[in-house]
2 protein chains.
Amino acid sequence: MVRIVDVAKKANVSTATVSRVISNSGTVKKDTTERVLKAIESLNYQPNILARQLRRSETKTILVVVPDITNTFFSKVLRGIESVAIDSGYQVLLGDTLNDAERESGYLNILRQKKADGMILLTAKVDGQVVEDIAKQYPVVIACEYTEGSEIPTVSIDNVSSARKAAEHLITLGHRRIGTITGPFDSVLGRDRLKGFQQAMAQHGIPLDSLLVQEGDFSFESGCNVMQKFLALGVPPTAIFAANDEMAIGAIKAIKSKGLKVPEDISVVGFDNIKFASIFEPALTTIAQPSYEIGQKAIELLIKLINKDELDKNQYILEDKLIVRESSKKCLS
Amino acid sequence: MVRIVDVAKKANVSTATVSRVISNSGTVKKDTTERVLKAIESLNYQPNILARQLRRSETKTILVVVPDITNTFFSKVLRGIESVAIDSGYQVLLGDTLNDAERESGYLNILRQKKADGMILLTAKVDGQVVEDIAKQYPVVIACEYTEGSEIPTVSIDNVSSARKAAEHLITLGHRRIGTITGPFDSVLGRDRLKGFQQAMAQHGIPLDSLLVQEGDFSFESGCNVMQKFLALGVPPTAIFAANDEMAIGAIKAIKSKGLKVPEDISVVGFDNIKFASIFEPALTTIAQPSYEIGQKAIELLIKLINKDELDKNQYILEDKLIVRESSKKCLS
DNA sequence: GAATTCATTGTAATCGATTACATTTTGAAT
DNA sequence: ATTCAAAATGTAATCGATTACAATGAATTC
């Protein structure tokens with residue numbers, strides 16, 4: 001292995017000078033620089049990043065904790081994160097929690113052990129206090145989710161108002177008996193989207209039927225299962241608001257397999273606008289989150305935190321958008 | 001920051017002893033161990049991984065280079081990799097190349113700089129020789145793709161025979177005029193799947209119409225575009241073999257938008273069996289790759305390489321499976 | 001009781017780059 | 001030619017854990 005001393009020897013300078021050349025400090029004479037560069041080239045020298053990291057105590061790595069990497073919403077956020085990261089000289093360490101709180105907390109140690117300079121959480125299942133504590137000591141940004149009263153910088157859409165918007169869309173179409181497949185109650189996301197749904201219903205004076213509020217876990221399967229329960233009710237809902245697209249698609253599959261049609265018999269609205277939402281048939285009416293941009297903004301904030309720059313604010317709310325496609329329609333009954 | 005010397009001082013031992021306790025060397029007396037553990041606990045000490053890495057010159061990190069993280073096939077492979085990695089004490093550094101060769105080669109430096117102990121490539125767009133050279137110096141495993149005559153360990157299915165199987169399925173159904181949407185010709189994957197297709201046609205004595213072989217880039221959009229070209233032909237094909245599911249779904253969308261039906265008018269077969277293949281309508285006939293297992297096997301091999309264990313063989317071919325669903329049907333014309 | 005072995009612990013070198021501080025060189029000013 | 005500041009370079013400490021080697025002490029053997 002070629003070390004900095006080897007380069008120094010070859011170029012007939014000290015290691016300090018070589019290091020200066022590498023880091024472009026600008027204090028090295030032109031011909032010395034050239035000599036060093038030539039030596040680096042001829043030895044095919046690559047600085048040992050570990051040594052640099054130890055000395056500078058920085059890793060140029062950030063940890064991204066994702067609940068489900070196979071969900072294209074998250075993978076798009078991740079892509080936004082990664083591309084800004086690379087351009088800023090950072091690498092991305094991946095943590096896929098499989099929606100498991102224990103696994104999630106395991107990843108927190110990576111920060112404590114200084115294996116990453118900061119962390120972006122795309123999920124927050126573990127105890128809020130634990131995250132708060134970590135965030136006091138290390139740079140942390142939460143994306144997608146948002147915790148009230150927290151000091152941790154956040155990038156997300158306004159989930160409550162988006163969910164309200166989605167529900168209002170259905171109400172405006174004349175639906176009254178609306179079922180909702182929520183996200184897990186132990187996630188803020190799940191709770192917020194339910195809250196928005198409830199607000200819309202309340203504002204239009206529609207009483208809430210607790211049978212029509214069922215918890216899902218953001219998976220296709222859970223959407224399917226919950227919908228089957230709805231369909232088994234004496235009076236099934238005429239419309240469904242699902243807290244994400246995967247569950248919405250699951251619900252539609254369940255509806256279809258009962259011989260019913262979407263949107264003719266039951267309207268369905270999803271959330272996220274994953275890649276597949278527009279491809280699926282019927283194309284899904286959904287709330288479009290600016291996934292890529294959420295990722296970009298999150299990493300920008302994180303890098304500012306790492307550099308101890310001031311943030312102008314703590315909570316960045318990006319614009320969402322209701323995209324009306326084929327899966328929702330006027331209520332006929 | 002708490003250092004090992006702080007713990008040593010508090011427990012009244014040397015740093016060596018603390019280190020021994022941490023690494024479970026088993027040579028430390030019971031009550032000393034307890035004393036050290038207590039000190040670690042009370043100081044809330046976490047070893048600085050950077051220092052350990054430098055000293056041991058290992059990072060316990062592996063780099064995974066993916067062509068497209070939003071493709072659920074790759075994210076499932078990635079998930080397989082990550083779960084085995086975590087269980088073996090490794091972390092995953094993510095490299096999303098966006099199908100760009102330049103970006104891909106940028107990631108290779110991570111290995112050279114010792115920021116990862118090894119690498120798994122889920123793509124290989126860069127010059128084969130470059131990869132070969134890297135693989136001579138560092139542990140590298142290629143998954144999904146496979147290069148003939150290479151020394152680099154590989155995990156994949158037999159793409160040629162799988163593609164042949166898919167094409168034969170269509171031929172057996174009576175199709176003769178079969179179009180294929182290939183992967184990019186600069187990827188082995190694209191070439192291998194085309195080769196399988198050609199073999200099947202040749203074996204059944206069906207002459208190849210070069211108009212019916214069109215290059216795609218594995219994206220939904222390219223599937224759509226190529227299909228439109230096929231449909232504009234004087235005699236369009238009665239069946240399509242697409243080199244991955246995303247393109248197959250794109251093709252089906254194009255077919256439907258012309259007012260034609262799948263499989264009644266045109267049969268379509270895909271490749272990969274992504275999450276969405278069974279959900280889409282018509283459910284996609286496709287080749288199922290054991291994505292999760294490919295990931296697991298790849299990381300197992302890589303860890304063996306890192307530990308300089310012997311591999312019993314260099315190329316692991318996993319079982320694929322033709323899954324016949326709704327998108328393919330007997331040829332009527 | 002001396003010699004030997006083994007278990008336990010300590011001392012200090014080491015990984016390789018960075019950088020504070022020290023020293024030398026350069027060039028301008030007088 | 002001398003002085004002095006600025007520029008360029010060098011020396012050596014440093015980051016924090018690991019580990020080769022050394023040292024100590026206890027147990028065992030003869």
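User: In chain A, what share of the contacts with a separation of 6 or more comes from residues 24 or more positions apart?

Analyst: That share is 72% in chain A. Keep in mind that this is a predicted model.

User: How many helices and strands does chain A have?

Analyst: Chain A has 12 helices and 12 strands. The chain is more spread out than a compact globule, because its radius of gyration is 25 Å, well over the 20 Å that the globule rule gives for 333 residues.

User: What does the C-alpha trace span along its principal axes?

Analyst: About 90 × 35 × 35 Å for chain A.

User: And how much of chain A is buried?

Analyst: Of its 333 residues, 56% count as buried. The exposed area of chain A is about 14,200 Å², with carbon and sulfur atoms supplying 48% of it.

User: Switching to the DNA. Which residues come nearest to strand C?

Analyst: A:Ile4, A:Arg52, A:Arg55, B:Arg20 and B:Thr32, out of 27 residues around DNA strand C. By class, that surface has 10 nonpolar, 9 polar and 8 charged residues.

User: Which helices supply at least two residues each?

Analyst: Helix H2 (15-22) and helix H4 (49-56) of chain A, and helix H2 (15-22) and helix H4 (49-56) of chain B.

User: What part of strand C faces the protein, sugar or phosphate, or bases?

Analyst: Of the strand C atoms within 4 Å of the protein, 64% belong to sugar or phosphate, and the rest to bases.

User: Which polar side-chain atoms lie by a base oxygen?

Analyst: One belongs to B:Arg55, at 2.7 Å from a base oxygen of strand C. For B:Arg20, a side-chain N or O atom is 2.4 Å from a base oxygen. A:Tyr45 has a polar side-chain atom 2.8 Å from a phosphate oxygen of strand C.

Definitions and conventions. Residues numbered from 1 in each chain as written. Chains lettered and ligands numbered in written order. Predicted model: local features only at pLDDT ≥ 70, side-chain atom pairs only at ≥ 80, totals over all residues. Heavy atoms only, no water. Near = heavy atom within 4 Å. Polar contact = N/O pair within 3.5 Å; in protein donor to acceptor, adjacent residues only side chain to side chain. Helix = DSSP H or I, 4+ residues; strand = E, 2+ residues; numbered from the N terminus. Nonpolar A, V, L, I, M, F, W, Y, C, P; charged D, E, K, R; others polar. Rg over C-alpha atoms; globule rule 2.2 N^0.38 Å. Buried < 20%, exposed > 50% of the residue type's maximum accessible area, 1.4 Å probe, protein only. Contact = heavy atoms within 4.5 Å. Areas by Shrake-Rupley, 256 points an atom, 1.4 Å probe, with all protein chains shown as cover.
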